[in-house]
Amino acid sequence: MAAPRVAQTTPYAVDVEQGKDYWWCSCGQSSRQPFCDGSHKGSEFTPVKVTATETRTVYLCGCKHSNNGAFCDGSHKQLG
């Protein structure tokens, strides 16, 4: 499996609205980070759908190595 490109080594703080869908970039190539712009086409990566369960700020993974899907789990602290 190909490794995703690290878009940034910190999470993205994103204000989300309850009931709205967001498409998180899993490949790291999007110019609209942390959201998908279709740059993954032709690769093994696909965007990840995140549906907001409430209106609040969430922290989406910027390093693309989280073991918690689109959400930051601190994996960026382990990158060299």
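This report describes a predicted model, moving from its overall build to its strands, its charged pairs, its cysteines and the surroundings of Lys64.

## Overall build

The protein contains 4 strands and 0 helices, and from the N terminus on its elements run β-β-β-β. Its radius of gyration is 12 Å, close to the 12 Å that the globule rule gives for 80 residues, so the protein is as compact as a globular protein of that length. Taken along the principal axes, the C-alpha atoms fill a box of roughly 35 × 30 × 20 Å.

Of the 80 residues in the protein, 39% are buried. Among contacts with a separation of 6 or more, 58% are made by residues that stand 24 or more positions apart.

## Strand 1 and its partner

Strand 1, which covers residues 12–16, has side chains that alternate along its length: Tyr12, Val14 and Val16 point to one face and are buried, whereas Ala13 and Asp15 point to the other face and are not. This fits a general pattern, since in a regular strand the side chains alternate between the two faces of the sheet.

The partner of strand 1 considered here is strand 4, residues 56–60, and the two pair in the antiparallel sense over 5 bridges. Within this pairing, Tyr12 stands opposite Leu60 of strand 4. Tyr12, one of the buried residues of strand 1, is also touched by Gln33, a residue of the loop between strand 2 and strand 3.

## Salt bridges

Side chains of opposite charge can pair when their charged atoms come close. A search of the whole structure finds 2 salt bridges. One of them joins Lys49 and Asp21, whose closest N and O atoms are 3.6 Å apart. Because Lys49 lies in strand 3 (residues 48–51) and Asp21 in strand 2 (residues 21–24), this pair ties together parts that are 28 residues apart in sequence. Lys49 is partly exposed, with a relative accessible area of 46%, and Asp21 likewise counts as partly exposed, at 35% relative accessibility.

A salt bridge is also formed between Glu54 and Arg56, with 3.7 Å between the closest N and O atoms. Here too the partners count as partly exposed, Glu54 at 40% relative accessibility and Arg56 at 42%.

## Cysteines without disulfides

Across the whole structure, a search finds 0 disulfides. Cys27 is accordingly in no disulfide, and the nearest cysteine sulfur, that of Cys25, is 3.7 Å away. For Cys63, the closest cysteine sulfur belongs to Cys61 and is 3.7 Å away, which is too far for a bond; the cut-off applied to a pair of cysteine sulfur atoms is 2.5 Å.

Cys27 is buried, with a relative accessible area of 6%, and Cys63 is also buried, with a relative accessible area of 2%.

## Lys64 and its surroundings

Is Lys64, a residue of the segment after strand 4, buried or exposed? At 7% relative accessibility, Lys64 counts as buried, because the limit for a buried residue is under 20% relative accessible area. Leaving aside neighbours within four places in sequence, Lys64 is in contact with Pro4, Arg5, Ala7, Trp24, Cys25, Ser26, Gly28, Gln33 and Pro34. The C-alpha atom of Lys64 is separated by 14 Å from that of Met1, although the two residues are 63 residues apart along the chain.

Two polar contacts involve the side chain of Lys64: a polar atom of this side chain lies 2.7 Å from the backbone oxygen of Cys25, and a polar contact of 2.8 Å joins the side chain of Lys64 to that of Gln33.

## Gln33 in the loop

Gln33 lies in the loop between strand 2 and strand 3 and, at 19% relative accessibility, counts as buried. Besides the side-chain contact with Lys64, a polar atom of the Gln33 side chain lies 3.2 Å from the backbone oxygen of Ser30. Not counting residues up to four places away in sequence, Gln33 touches Ala7, Tyr12, Cys25, Gly28 and Lys64. Ala7, Cys25 and Gly28 are also among the residues in contact with Lys64.

Conventions. Residues numbered from 1 in each chain as written. Predicted model: local features only at pLDDT ≥ 70, side-chain atom pairs only at ≥ 80, totals over all residues. Heavy atoms only, no water. Buried < 20%, exposed > 50% of the residue type's maximum accessible area, 1.4 Å probe, protein only. Pairing = 2+ DSSP bridges. Salt bridge = Lys/Arg side-chain N within 4 Å of Asp/Glu carboxyl O. Contact = heavy atoms within 4.5 Å. Polar contact = N/O pair within 3.5 Å; in protein donor to acceptor, adjacent residues only side chain to side chain. Rg over C-alpha atoms; globule rule 2.2 N^0.38 Å.
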